[in-house]
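This report walks through one strand and the residue at its end. Please look over the sequence and the structure before reading on.

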Amino acid sequence: HHQKSTYKIAELNLDTDTAFLEQTSTSGYTQALREKDITIQDTLRTKTIQPGETPIQATLAEMTVSDTITGYLQFDYPSDTTPVENEFDDPLPPVEIDTTGLFFTIPPSIDSQFVDETNNSEEYLAALHATEHALISLFPTEVLCDRSDIGGLSTVTHSQTTAATVFVHDGHPGGAGLTRAAFDQLDDLLTQTHQLIASCGCGDGCPSCIHSPQCGNANRILNRDRALSLLSHLTGE
């Protein structure tokens, strides 16, 4: 939108960083789909937190975050619930930032229990992903920031941690001290995350608990019930 007129992109030239627009009349919009990767560069601090009975290993680290746009969802109107997914034959060049973040790994005892409870790895990922969203939404309660200042990534296994891992990182190049400030409150944040999801009156998840307006996966692969179960193991509640 520009000066009350609507445009769509007719051509994108990555060599000159130029987008060519043409005026159109539409209420549709698009939402980018992203794939994120995190490389841990240096460990700053490690500690053991214990919001429940099982100790959890948490780390504050310098990391490189790589964000690649792989396609987009096309919505025909604002309330469209069945968008068309478009994937690029060649993803756009990745955008990388060096920043600061924290991460925690699921302890082996809880991991084996949870694997037995879930039907497949996608359910496990959906629980981690929902936990990550809810955890990030609570950051402004502990640190002076906006939700959009924080990013995250969940994975059932990571090449460097070799375990199921939840990452939360500053969304600004060089870091802004946000995850560093929240690192000491991680025990309480995990407990609050469990309470937030448990107290929500929705059925399958909503913007008040596990949905995020900045999710690069359009809030797919989320499971509220599995997240509650995982957090119950982590916090002992």
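Strand β6, residues 95–105, pairs with β8 over five bridges, in the antiparallel sense. The model is a predicted one. Within that pairing, Phe103 stands opposite Phe167 of β8.

A further partner is strand β7, residues 150–155. β7 and β8 are also antiparallel, and six bridges join them. Here Thr155 has Thr165 of β8 as its bridge partner.

How covered is β8? Mostly: six of its six residues are buried. The strand spans residues 165–170, and Asp170 belongs to it.

Now to Asp170 itself. Asp170 is buried, yet it forms no salt bridge. The nearest side chain of opposite charge belongs to Arg180, 7.0 Å away. A salt bridge requires a side-chain nitrogen of Lys or Arg within 4 Å of a carboxyl oxygen of Asp or Glu, so Arg180 at 7.0 Å does not make one with Asp170.

What does lie by the side chain of Asp170? Two backbone nitrogens are listed below, each with its distance to a polar atom of that side chain.

| Backbone nitrogen | Distance to a polar atom of the Asp170 side chain |
|---|---|
| Ala176 | 2.7 Å |
| Thr179 | 2.9 Å |

Ala176 and Thr179 also appear among the residues that Asp170 touches, leaving aside residues up to four places away in sequence. Others among them are Gly175, Gly177 and Leu178. Asp170 also touches Ile97, Thr99 and Thr100, and β6 covers residues 95–105. Asp149 and Ile150 are contacts of Asp170 too, and β7 covers residues 150–155.

Conventions. Residues are numbered from 1 along each chain as its sequence is written. This is a predicted model: local features need pLDDT of at least 70, side-chain atom pairs count only at pLDDT 80 or more; totals for chains, interfaces and linings use all residues. Side-chain values use heavy atoms; hydrogens and water are left out. Helices (H or I, at least four residues) and strands (E, at least two) are DSSP runs, numbered from the N terminus. Buried means under 20% relative accessible area, exposed over 50%, partly exposed in between (1.4 Å probe, protein chains only). Lys and Arg count as positive and Asp and Glu as negative; His and the chain ends are not counted. A polar contact is a pair of N or O atoms within 3.5 Å; within protein, one must be able to donate a hydrogen and the other to accept it, and residues adjacent in sequence count only if both atoms are side-chain atoms. Contact means heavy atoms within 4.5 Å. Two strands pair if DSSP finds at least two bridges between them.
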